[in-house]
Amino acid sequence: MDEALEQLRHLSAITSTLIAVYDADDRLQYANNAFRAAYFVDVDETLSWPDLMRRNFERGRGTVIRAANFNEWLKSTQSRRGKIGYRAFETDLMDGRWLWMTETVQKNGWMLCIASDITTLRAEERSVRQDRDLAIKASQTDELTGVSNRRFIMARIEDMLIAAKDGNVGCLAVFDIDNFKYINDRLGHHAGDLVLCDFAARIHQNVRRSDCFGRVGGEEFVLVMPGTSLEDAVGIVERMLAVIRFSRPLADSPDFRYTCSAGIAACTQADHVSDLYQRADQALYSAKLSGRDRARVA
């Protein structure tokens, strides 16, 4: 924890992102170098936000305040500042920079302010950029379940295999919902879709930050686990299977339950994507033949 805090202090000191923390009385308690430079705050100063704004307004620096009467502007701004848990807005600085500012407020009143310099993103370009980002996201996301799609997950397998060539461990798990055709035939495709979404949501909640989970088609899903030993991968997958056993996803059929099977394979330095996937798929087939609702290792 001490090392993590030290790294956080170092990163916040060198980043160009503006970071500041205000207490419940709106008095500045922490500001990184970028924030102090933008708002002309000395290292040992703990000004209140109104005093900071007033001082910079009087000296023609800091935030651009388009008001003839500072006190009226202050009253109006304070009526919104810190009143909700989170808000985001644009703000200009007198030096010509354009910032995207966010305010996050705790229940005790302490506020975290983070601002990024978006000067180069002109208003007419911002819409194009947002459309592009949305298109990229859509191209990497499974439309039904909202998790990663086949294209994105296959790229993550390739990344893991590149790392494996340098001796790094990693594993791939392939999941398949048991008797899914029977679910569709008996309860209808809408129920089948609900089961797919339930499965994706429950597994996703248990995916580690370093791993990647996605749907590759039909009722088949994949979990990429870089830097993970086979023993650890088995434990991770077994816990996921247990989560699914307790799920009751259909409100109209409260007794309905379902299970899934999984095949797990560890990557080798010589593997291609197809090799690793085939071994995991064969292990999945073995799990199905063994009675379903279990994991098997290639």
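**Close-up views of a predicted model**

**View 1. Phenylalanine 221 and its stacked partner.** Let's start with phenylalanine 221, which counts as buried at a relative accessibility of 0%. Please keep in mind for this view and the others that the model is predicted. Phenylalanine 213 is buried too, with 4% relative accessible area. Across the whole structure, a search turns up 9 aromatic pairs. For phenylalanine 213 and phenylalanine 221, the ring centres are 5.6 Å apart and the planes meet at 10°, so this pair is stacked; the cut-off for stacking is under 30 degrees.

**View 2. The largest nonpolar core.** In soluble globular proteins, nonpolar side chains tend to be buried together. The largest nonpolar core here has 31 residues, and those that touch the most other members are Phe175, Ile177, Phe199, Phe213, Phe221, Leu223 and Val237. Which elements each supply at least two residues of this core? They are β6 (170-177), α7, α8, β8 (220-226), α9 (230-245) and β9 (260-266). Zoom in on phenylalanine 199 and, leaving aside residues up to four places away in sequence, you will find it touching Phe175, Ile177, Phe213, Phe221, Ile244, Tyr258 and Cys260. Another core, of 25 residues, lies apart from the largest one and includes Leu18, Leu47, Phe70 and Val105.

**View 3. Helices α7 and α8 side by side.** Two packed helices are described by the angle between their axes and the distance between the axes. Here α7 (residues 180-187) packs with α8 (residues 189-204) at about 140°, and the axes are 6 Å apart. That angle makes α7 oblique to α8, since only values over 145 count as roughly antiparallel. On the α7 side, the contact is made by Phe180, Ile183, Asn184 and Leu187. From α8 come His189, Ala191, Gly192, Val195 and Leu196. Sorted by class, the contact has 6 nonpolar and 3 polar residues, with no charged ones.

**View 4. An aromatic cluster.** Look here for Trp49, Phe57, Phe70 and Trp73, which ring pairs link into a cluster. Phe70 may be familiar from View 2, where it is among the residues of the 25-residue core.

**View 5. Phenylalanine 40 and asparagine 56.** Most residues other than glycine have a negative phi, and most peptide bonds are trans. Phenylalanine 40 is not a glycine, yet its phi is positive, at about 60°. You will find phenylalanine 40 in the loop between α2 (33-39) and α3 (49-58). With a relative accessible area of 37%, phenylalanine 40 is partly exposed. Is asparagine 56, at 2% relative accessibility, buried or exposed? Asparagine 56 counts as buried, because the limit for that class is under 20%. Asparagine 56 sits in helix α3 and touches Tyr39, Phe40, Arg61 and Gly62, not counting residues up to four places away in sequence.

**View 6. Aspartate 293 in its loop.** A positive phi also appears at aspartate 293, about 55°, although this residue is not a glycine. Aspartate 293 belongs to the loop between α10 (273-289) and β10 (295-297). At 22% relative accessibility, aspartate 293 counts as partly exposed.

**View 7. Glutamate 231 in helix α9.** Helix α9 is where to look for glutamate 231. This side of the story is simple: glutamate 231 is exposed, with a relative accessible area of 68%. If you would like a second landmark, serine 148 is 83 residues from glutamate 231 in sequence and 25 Å away in space, C-alpha to C-alpha.

Technical notes. Residues are numbered from 1 along each chain as its sequence is written. This is a predicted model: local features need pLDDT of at least 70, side-chain atom pairs count only at pLDDT 80 or more; totals for chains, interfaces and linings use all residues. Side-chain values use heavy atoms; hydrogens and water are left out. Axes are lines fitted to C-alpha atoms, for helices over the stretch in contact, and angles run from 0 to 180 degrees between N-to-C directions. Helices (H or I, at least four residues) and strands (E, at least two) are DSSP runs, numbered from the N terminus. Angles under 35 degrees count as roughly parallel, over 145 as roughly antiparallel, 65 to 115 as roughly perpendicular and the rest as oblique. Contact means heavy atoms within 4.5 Å. Ala, Val, Leu, Ile, Met, Phe, Trp, Tyr, Cys and Pro count as nonpolar, Asp, Glu, Lys and Arg as charged, and the others, Gly among them, as polar. A nonpolar core is a set of buried Ala, Val, Leu, Ile, Met, Phe, Trp, Tyr and Cys residues joined through side-chain atoms within 4.5 Å. Buried means under 20% relative accessible area, exposed over 50%, partly exposed in between (1.4 Å probe, protein chains only). Rings of Phe, Tyr and Trp (its six-membered ring) pair if their centres lie within 6.5 Å; planes under 30 degrees apart count as stacked, over 60 as edge-to-face and the rest as tilted.
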